[in-house]
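Here is a friendly tour of one protein model, arranged by topic. Keep the sequence and the 3D view open beside you as you read.

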Amino acid sequence: MLDSDITRLGVGLGERSYDIVIGPGLLAQAGARIAALRPGARIGIVTDRNVAERHLPTVEAALVAAGLTPTAIVIEPGEKSKSFAMFEQVVDALLDARIERGDLVLALGGGVVGDLAGFAAAALRRGVDFVQVPTSLLAQVDSSVGGKTGINSRHGKNLVGAFHQPILVLADADVLDTLPLREFRSGYAEVAKYGLIDNAPFFAWLERKWQDVFRGGAARIEAIATSCAAKAAVVARDEKETGDRALLNLGHTFGHALEAGAGFSQRLLHGEAVAIGMAQAFRFSARQGLCAPADAERVEAHLRTVGLPTRIKAIPGELPDTDGLMTLIGQDKKVSRGALTFILARGIGQSFIARDVDPADVRAFLESERQAG
């Protein structure tokens with residue numbers, strides 16, 4: 001493989017800085033790249049059953065060839081594995097594998113695996129280093145970068161966790177070729193998010209090039225690299241989300257409430273929830289007179305064009321009523337002493353943090369959204 005095929009980005013966090021490596025064939029290189037950081041280490045690989053069937057043998061062989069000792073811990077796929085019970089099982093399995101503080105945890109999978117494995121690494125022996133090897137588009141452009149780890153509780157999504165940065169992220173673009181279309185679309189919502197936050201030219205590029213991104217090749221690499229670079233810059237400025245890192249949650253306040261309302265199930269994937277949430281954030285912004293209705297229509301049109309849902313009516317099955325959704329929104333991590341905080345927009349590429357949003361306005365908006373379907 002030529003070095004020109006590989007894109008390397010840095011996340012600048014002083015002594016905790018790390019690289020994001022993006023390109024084809026990186027699973028087969030995982031052993032050499034990890035051994036350069038931790039020669040001779042034991043590696044606890046946390047993965048899910050679907051990813052294990054496709055990619056675990058390649059990673060295990062690469063680790064063994066590099067003189068590392070892997071132990072695989074295979075969990076069930078899906079958001080329900082981000083639970084207290086599964087967290088306990090993973091930590092116990094890592095201890096059974098004698099993973100010590102000089103060893104590594106390797107998260108091989110999508111966002112669920114990365115969040116769960118990262119939280120287990122953060123807690124194990126009061127902190128063990130870990131490597132992210134994301135196998136979904138969503139994980140490659142979002143959850144694998146930035147050190148947010150955690151699990152869900154009955155009160156909401158990602159409410160229990162820790163900031164624990166990886167020491168390396170390996171994003172193998174080839175693995176996305178095996179991703180089901182629905183999963184790829186789900187991840188694409190997070191790609192579009194970076195354009196909507198503060199990069200209107202990138203959003204316009206996606207409107208023109210989204211089919212090339214779906215097909216793969218150079219456009220896909222460019223979309224992943226642009227997204228990772230945007231997130232890396234924000235994380236370097238605001239690691240613990242005390243300032244503008246909250247902008248990365250565009251669409252997530254509405255989206256997480258819908259995810260929880262759907263029972264963290266296959267009824268609504270995370271990226272699908274974010275797509276609806278971003279469309280709602282722009283519609284709410286337009287309703288509040290913050291952005292032009294044409295911007296909200298443009299956002300909705302693009303997401304709909306790529307096959308993502310943009311309306312509550314697209315979610316199959318029953319959802320909580322408006323009061324129930326408001327309760328779930330009230331559990332959002334950006335809530336401070338009961339005050340609602342949303343990421344809203346003055347236009348495409350002009351998102352901002354809106355604090356003390358009037359709950360009555362949110363309630364009226366949600367009621368209108370439900371009546372509209």
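**Briefing: cores, helices and a few notable residues**

The side chain of Asp48 comes within 3.0 Å of the backbone nitrogen of Asn50. Please keep in mind that this is a predicted model. The points below start from Asp48, which sits in strand β3, and then move on to the cores, some individual residues, a hairpin and the cysteines.

**Asp48 and its surroundings**

- Asp48 counts as buried because its relative accessibility is 11%, and the cut-off for buried is under 20%.
- Outside its neighbours within four places in sequence, Asp48 makes contact with Val74, Ile75, Glu76, Pro77, Leu108 and Val113.
- How far apart in space are Asp48 and Gly109, C-alpha to C-alpha? The separation is 6.7 Å, although the two positions lie 61 residues apart in sequence terms.

**Helix α1 and the nonpolar cores**

- Helix α1 covers residues 26-35, and its buried residues are Leu26, Leu27, Ala30, Gly31, Ile34 and Ala35.
- Which elements do the buried residues of α1 pack against? They meet strands β2 (18-23), β3 (42-48), β5 (104-109), β6 (130-134) and β9 (168-172), together with helix α2 (49-65).
- The largest nonpolar core holds 82 residues, and Ile34 and Tyr188 have the most contacts inside it.
- Helix α8 (residues 218-237) gives the most to this core, contributing 9 residues.
- A separate core of 23 residues lies apart from that one, and Met326, Phe352, Ala354 and Val357 are among its members.
- Ile34, from helix α1, touches Ile43, Leu63, Leu68, Leu104, Leu106, Val131 and Leu168 once residues up to four places away in sequence are set aside.

**Two buried serines**

- Ser144 is found in the loop that links α5 (137-143) to β7 (148-153).
- Is Ser144 buried or exposed? Ser144 is buried, since its relative accessible area is 1%.
- A polar atom of the Ser144 side chain lies 2.7 Å from the backbone oxygen of Ala139.
- Ala139 also appears in the contact list of Ser144, along with Gln132, Pro134, Pro166 and Val169, when residues up to four places away in sequence are not counted.
- Ser285 belongs to helix α10 (residues 270-287) and is buried, with a relative accessible area of 0%.
- Leaving out residues up to four places away in sequence, Ser285 touches Leu290, Cys291, Leu344 and Ala345.
- Ser285 and Ala360 are 75 residues apart along the chain, and their C-alpha atoms are separated by 15 Å.

**Positive phi outside glycine**

- Arg126 has a positive phi near 60 degrees despite not being glycine.
- Where is Arg126 placed? Its position is in the loop between α4 (111-123) and β6.
- Arg126 is classed as exposed because its relative accessible area is 78%, and exposed means over 50%.
- Asn158 is another residue that is not a glycine and has a positive phi, of about 60 degrees.
- Asn158 lies in strand β8 (residues 156-163).

**The β10–β11 hairpin**

- Strands β10 (residues 340-345) and β11 (residues 351-357) pair in the antiparallel sense over 5 bridges.
- Ala345 has Ser351 in β11 as its bridge partner.
- This hairpin of β10 and β11 has 5 residues between the strands, and Gly349 takes a positive phi near 80 degrees there.
- Ala345, the partner of Ser351, is also one of the residues that Ser285 touches.

**Cysteines**

- How many disulfides does the count come to? The count comes to 0 disulfides.
- A disulfide is a covalent bond between the sulfur atoms of two cysteines.
- Cys228 is buried, with a relative accessible area of 0%.
- Cys291 is also buried, at 7% relative accessibility, and Ser285 touches Cys291.

**From the UniProt record**

- UniProt, in an unreviewed entry, lists residues 73-185 as "domain: 3-dehydroquinate synthase N-terminal".
- In this model, the span of residues 73-185 is 34% helix and 29% strand.
- The C-alpha atoms at the two ends of residues 73-185 lie 28 Å apart.

Definitions and conventions. Residues numbered from 1 in each chain as written. Predicted model: local features only at pLDDT ≥ 70, side-chain atom pairs only at ≥ 80, totals over all residues. Heavy atoms only, no water. Buried < 20%, exposed > 50% of the residue type's maximum accessible area, 1.4 Å probe, protein only. Helix = DSSP H or I, 4+ residues; strand = E, 2+ residues; numbered from the N terminus. Contact = heavy atoms within 4.5 Å. Disulfide = S-S within 2.5 Å. UniProt positions renumbered as here; feature names shortened; annotations may be inferred. Core = buried A, V, L, I, M, F, W, Y, C linked by side-chain atoms within 4.5 Å. Polar contact = N/O pair within 3.5 Å; in protein donor to acceptor, adjacent residues only side chain to side chain. Pairing = 2+ DSSP bridges.
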